[in-house]
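Please look over the sequence and the model below before reading on. The notes that follow take up strand pairing, then a helix, and then the nonpolar cores.

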Amino acid sequence: MNAAQDPRWAPHVTVATVVVRDGQLLLVEESIDGRAVLNQPAGHREPGESLAAAAVRETLEETGWTVALTAFIGTYQWTAPDGTPFLRFAYAAEPVSHDPARALDAGILRALWLAPEALQADAARLRSPLVWAVVADYLAGQRHPLSLVKETA
């Protein structure tokens, strides 16, 4: 049974991180189905992992950057063209340090810094509409305390 046929809503839970340095966004260029697309450092939460920890881990694994989360941007719901539902939790972060020798996750072509205007101009290469939705909210000043996302045992 595919996601579109399942009466229960069971989205893929993902995290994304908006990291800004000198007015530029930290992005990843990744290969998806043979196509180079742009995304925030993002990925799936692992079992037993907090959303915040997943955001920090995914950023490091995909870019080599260690970051410190500063705010929660928002939660985004999207259904991919194949019917797969996604629920993305987006965070803002500051860059702390970079390990240029660190191997990046499989499928990641490179990490790059890009001005928001350049990202918007290259909209056809966005991995999903969530990429710009998160950036637009960040640029509009949308920030919430990290404590908004509760982690309970």
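In this predicted model, strands S2 and S7 run antiparallel to each other and are paired over six bridges, and within this pairing glutamate 29 stands opposite arginine 110 in S7. S2 also pairs in the antiparallel sense with strand S3, which covers residues 35–39, over five bridges, and with S1 over two bridges.

**Hairpins and their turns**

- Strands S1 and S2 form a hairpin in which two residues lie between the strands, and aspartate 22, in the turn, has a positive phi of about 50 degrees.
- Beside that turn, arginine 21 has glutamine 24 in S2 as its bridge partner.
- Strands S2 and S3 likewise form a hairpin with two residues between them, where aspartate 33 in the turn has a positive phi of about 55 degrees.
- In the S2 and S3 hairpin, isoleucine 32 stands opposite arginine 35 in S3.
- As a general point to keep in mind when looking at strands, the side chains of a regular strand alternate between the two faces of the sheet.

**Helix H1 and what covers it**

- Helix H1, made of the 13 residues 51–63, reaches 18 Å from its first C-alpha to its last, which is close to the 18 Å expected at 1.5 Å a residue.
- Which residues of H1 are buried? They are Leu51, Ala54, Ala55, Arg57, Glu58, Thr59, Glu61, Glu62 and Thr63, a list that includes charged residues such as Arg57 and Glu58 as well as Leu51 and the two alanines.
- The cover over these buried residues includes strands S1 (12–21), S2 (24–32), S4 (42–44), S5 (65–79), S6 (85–98) and S7 (108–114).
- Just after H1 comes glycine 64, which takes a positive phi of about 85 degrees.

**The nonpolar cores**

- The largest nonpolar core has 19 residues, and Ile73 and Leu119 are those with the most contacts inside it.
- Strands S2, S5, S6 and S7, together with helix H3 (129–139), each supply at least two residues of this core, and H3 gives the most, with six residues.
- Leaving aside neighbours within four places in sequence, isoleucine 73 is in contact with Val18, Ala90, Tyr91, Ala92, Val134, Asp137, Tyr138, Gln142 and His144.
- Apart from the largest core lies another core, of 16 residues, among them Val19, Leu26, Val67 and Val149.

Definitions and conventions: Residues are numbered from 1 along each chain as its sequence is written. This is a predicted model: local features need pLDDT of at least 70, side-chain atom pairs count only at pLDDT 80 or more; totals for chains, interfaces and linings use all residues. Side-chain values use heavy atoms; hydrogens and water are left out. Helices (H or I, at least four residues) and strands (E, at least two) are DSSP runs, numbered from the N terminus. The expected span of a helix is 1.5 Å times one less than its number of residues. Buried means under 20% relative accessible area, exposed over 50%, partly exposed in between (1.4 Å probe, protein chains only). Contact means heavy atoms within 4.5 Å. A nonpolar core is a set of buried Ala, Val, Leu, Ile, Met, Phe, Trp, Tyr and Cys residues joined through side-chain atoms within 4.5 Å. Two strands pair if DSSP finds at least two bridges between them.
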